[in-house]
Amino acid sequence: LEQKLLKDPEARMKYCKVMEDYESLGFARKATDEEIERFNSGEQFFIPHHDVKRNASVSTKTRVVFNASSKDKNDVSLNDTLLPGPVLLPDLTQVLLRFRTNPIALAGDIEKMFCMTRIDPSQYSLQQYLWRGCDPNVEPIRYIMTSLMFGVTSSPWLAGGTVQMHANCEDMIEQHEEVCQRVTKNLYVDDFHDGGKTEDEVIRLRRELEEFFRKGGWRMTKYASNSALVMQSIPENDRHPHAIIEFNDEKDFETATTLGLKWDTGHDEFLIKITDKMTYPSTAVTKEVVLSVLNSVYDLFGYAAGFVISGKILMQRTWCLKIGWKDLIPEEMAVLFRRWADQLCELKDFGIARFMFRTSPDYDWIEIHGFSDASQWAYGAVVYVRYGKGTEIIDTTFVMAKARVAPLKPFTIAR
């Protein structure tokens, strides 16, 4: 790591800044002589670390990740000695479906959730690392990470469990009963997605959220909303910089990332996220390339399921060829893949309403309609919600779709 950073002054500066911030913000500190003596006489781990560049991140472009899976001289890593813990996260699909039922939406992020969650001092010996500021002329200094480490198997569970414990605390339930329930249902890792029926309700919710997390030692920030009034009620430094920037110009309604999706807060639509991985070398189409492009399509609700399934059918055909990952697929299949991939980027202009009941927010009846079909190549299903008020207003909204390739073992298709 040090040799790599010494060759890249810009990367070295960013990495050193992150490490300095860890110490200045109280997330890490130098081990004392007394602690070193005690650690040396018992169980201890030194965790190597490296940088991960996150260009899409709003706040942290360079993140330090600790490799707790690195083996020691006894061929044992810290992660080998830990359990990941049970799943505490709510179902992601359900979180976002609930998010779509609120006329006024609110999204937020817990700032530095892992770093703001402390570990017990008895565990300090297991979270040591060496650092000397990329200066080869000085001896490495032993540091202790006093909060949860990125890269440690148990950290996600400990962070989520600590928030849930805070939400289940009797004092918090007494003071913020509604917020405690909402956090338990609608917080996915450090991302909160909820809303309400009116702007006043959502403004009040945000203020209570802020107070709730402050009492637990966290800070909720990077708020985004489809409401200009809600955004105006939020301090500027707590607004998502890619959400609503100016409220009098439609061009300033930008897109915020919502758990992997793109949310156009101005038009209040979800967009399919198109990444650089969706590009492919036009001269060499291998099985690996086809799978890489397919896996780069993140479409939780199945908005483009009808289109993506064509690529999946092509992928299934490549498996049947029994060729290697780096082998070129037959030219006739490569032509089909290029044609399909060329259209992939057009998905970025395909928006689906976030709010399910946009045309009639005061609806008084709802119906859920499901359709399914199958062929020898694939099968799929789609669900719509039909709603209205009385008999005057009726509309439908796409909810979710799924498509799968048919099994290779043939089944009789009913006539």
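Biologist: At about what angle to strand 5 does helix 2 (residues 9-24) run?
Modeller: In this predicted model, helices (H or I, at least four residues) and strands (E, at least two) are DSSP runs numbered from the N terminus. Axes are lines fitted to C-alpha atoms, for helices over the stretch in contact (heavy atoms within 4.5 Å), and angles run from 0 to 180 degrees between N-to-C directions. Helix 2 lies across strand 1, strand 5 and strand 6, and its angle to strand 5 is about 130 degrees.

Biologist: How is the model filtered, and what is its mean pLDDT?
Modeller: Residues are numbered from 1 along each chain as its sequence is written, and side-chain values use heavy atoms, without hydrogens and water. Since it is a predicted model, local features need pLDDT of at least 70 and side-chain atom pairs count only at pLDDT 80 or more, while totals for chains, interfaces and linings use all residues. pLDDT is the predictor's confidence in each residue, from 0 to 100. In this protein 90% of residues reach 70 or more, and the mean is 87.

Biologist: Which strands stand at the edges of the open sheet with the order 1-6-5?
Modeller: The sheet has 3 strands in antiparallel pairing, where two strands pair if DSSP finds at least two bridges between them. Strand 1 joins strand 6 (residues 141-145) by 3 bridges, with K30 opposite Y143. One side of each edge strand is left without a neighbour in the sheet because each has a single partner: these are strand 1 (28-30) and strand 5 (128-131).

Biologist: Which residue in the turn between strand 15 and strand 16 has a positive phi?
Modeller: Strand 15 (residues 378-389) pairs with strand 14 (residues 365-374) over 10 bridges, antiparallel, and H369 faces Y384 there. Strand 15 is also joined to strand 16 (residues 393-405), by 12 antiparallel bridges. Strand 15 and strand 16 form a hairpin with 3 residues between them, and the phi of about 65 degrees belongs to G390.

Biologist: Which residues touch the most other members of the largest nonpolar core?
Modeller: A nonpolar core is a set of buried (under 20% relative accessible area, 1.4 Å probe, protein chains only) Ala, Val, Leu, Ile, Met, Phe, Trp, Tyr and Cys residues joined through side-chain atoms within 4.5 Å. Leaving aside neighbours within four places in sequence, F213 is in contact with I110, V163, V183, L187, W218 and M220. Another core, of 47 residues, lies apart and includes M356 and V399. Of the 57 residues in the largest core, those touching the most other members are Y22, Y129, M145, V183 and F213.

Technical notes:
Buried means under 20% relative accessible area, exposed over 50%, partly exposed in between (1.4 Å probe, protein chains only).
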